[in-house]
Amino acid sequence: MSELERLYIQNDEDKEIELVVVKRFEANDKKYIIFYATNDEAVGNEIQAATLVPTEMGGEAFGEIETQEEMDLINDMLNDLVESGDFKPEEGQGHDHDHNHEEHDHEHLVAEDDEGNEIVFAIERRLEIDGKNYIVYYDENEAQPVMQAAELVDTENGQELFPIDSEEEWTLIDEALHNTDNE
């Protein structure tokens, strides 16, 4: 395994953050970067990814991963790197939720499993279809996250999630996701 590239950026508190570049690659006419921070207390050493977009000064800036297809592409690349031995994750790397979620760009959903353990899901998208509200979400702790969906209903206990019961609802959600991805 070769020495990994390192980048240095300033955070909001003007502290220098060291980023270790796991991989730079191009796909579908976009540039991507997979990296982790070595000294950022806000996110620990979780593996992150971004697009690289050109700046007016001739450099590159981090852009957002916009679609599930891009996230799948990045996950596939990372899995290939691990399987080939080109990258060996450090202990605890991943998205282990020991930090403040409000510092991320995505919204989160916190749920409890049957044993009372907290599970944090990233919300990929909120949809309103035929007067019903839905969320599409995934478990960030999974190496290959699976998209899930649920109906979001206002109850006397606050907002609650209910499973999607019919194939018709799944079809509507799938169509809405594809329509927003193509806009």
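Begin the tour by selecting Ala122 and Tyr138, for the bridge partner of Ala122 in strand 8 is Tyr138. Keep in mind throughout that what is on the screen is a predicted model.

**The strands around the starting point**

From this pair, widen the selection to strand 7, residues 118–129, and to strand 8, residues 132–139. Strand 7 and strand 8 pair in the antiparallel sense, and eight bridges hold the record of that pairing. Follow the chain from strand 7 into strand 8 and you pass through a hairpin with two residues between the strands.

Stop in that turn and select Asp130, which is placed in the loop between strand 7 and strand 8. Its phi is near 50°, a positive value in a residue other than glycine. Is Asp130 buried or exposed? With a relative accessible area of 70%, Asp130 is exposed, because the cut-off for that word is over 50%.

Next, go to the other neighbour of strand 7 in this part of the tour, strand 6, which covers residues 107–112. Strand 6 and strand 7 run antiparallel and are joined by six bridges. To see one point of the pairing, select Glu112, whose bridge partner in strand 7 is Glu118. This pair of strands also forms a hairpin, here with five residues between the strands, and in it Gly116 takes a positive phi near 85°.

Now return to strand 8 and look towards strand 9, residues 148–155, with which strand 8 pairs in the antiparallel sense over five bridges. A useful pair to display is Val136 and Ala149, since Ala149 in strand 9 is the bridge partner of Val136.

**The sheet as a unit**

With these strands selected, add strand 10 and view them together: five strands form an open sheet in the order 6-7-8-9-10, and the pairing is antiparallel. At the edges are strand 6 and strand 10, the latter spanning 158–163, and each of these pairs on one side only. Turn the view slowly along the sheet to follow its neighbouring strands, which are turned by 45° against each other on average, direction ignored.

**A pocket beside these elements**

Keep Val136 selected, and add Met147, Asp174, Leu177 and His178, for these are the residues that lie nearest the centre of the second largest pocket, out of the 15 residues that line it. The elements that give two or more residues to this lining are helix 1 (68–84), strand 7, strand 9 and helix 2 (167–181). Which element provides the largest share of the lining? That element is helix 2, with six residues. The volume of this second largest pocket is about 270 Å³.

**Towards the start of the chain**

Move now to Thr51, which is found in strand 4, residues 48–54. Thr51 has a relative accessible area of 5% and is therefore buried, the cut-off for that word being under 20%. To see what surrounds this residue, display its contacts, leaving out residues up to four places away in sequence: Thr51 touches Lys30, Lys31, Tyr32, Ala61, Phe62, Gly63, Glu64, Ile65 and Glu70.

From there, select Asn28, which sits in the loop between strand 2 (16–27) and strand 3 (30–37). Asn28 has a phi near 55°, which is a positive value in a residue other than glycine. At 67% relative accessibility, Asn28 counts as exposed.

Go on to Glu3, in the segment before strand 1 (5–10). Glu3 also counts as exposed, at 66% relative accessibility. Draw a distance from its C-alpha to that of Val22: the two residues are 19 apart in sequence and 9.8 Å apart in space.

**Stepping back**

Finally, show the whole protein, whose secondary structure comes to two helices and 10 strands. Traced along the sequence, these elements follow the pattern β-β-β-β-β-α-β-β-β-β-β-α. Colour the residues by burial, and 34% of the 183 residues of the protein count as buried. The accessible surface comes to about 12,100 Å², of which 43% belongs to carbon and sulfur atoms. As for the contacts with a separation of 6 or more, 33% of them are accounted for by residues 24 or more positions apart.

Conventions. Residues numbered from 1 in each chain as written. Predicted model: local features only at pLDDT ≥ 70, side-chain atom pairs only at ≥ 80, totals over all residues. Heavy atoms only, no water. Helix = DSSP H or I, 4+ residues; strand = E, 2+ residues; numbered from the N terminus. Buried < 20%, exposed > 50% of the residue type's maximum accessible area, 1.4 Å probe, protein only. Contact = heavy atoms within 4.5 Å. Areas by Shrake-Rupley, 256 points an atom, 1.4 Å probe, with all protein chains shown as cover. Pairing = 2+ DSSP bridges. Axes fitted to C-alpha atoms, helices over the stretch in contact; angles between N-to-C directions. 1 Å grid on protein atoms, 1.4 Å probe; cavity = no way out; pocket = protein on both sides within 12 Å on 5 of 7 lines; lining within 4 Å. Points joined across faces, edges and corners; volume = space filled by probe spheres on them.
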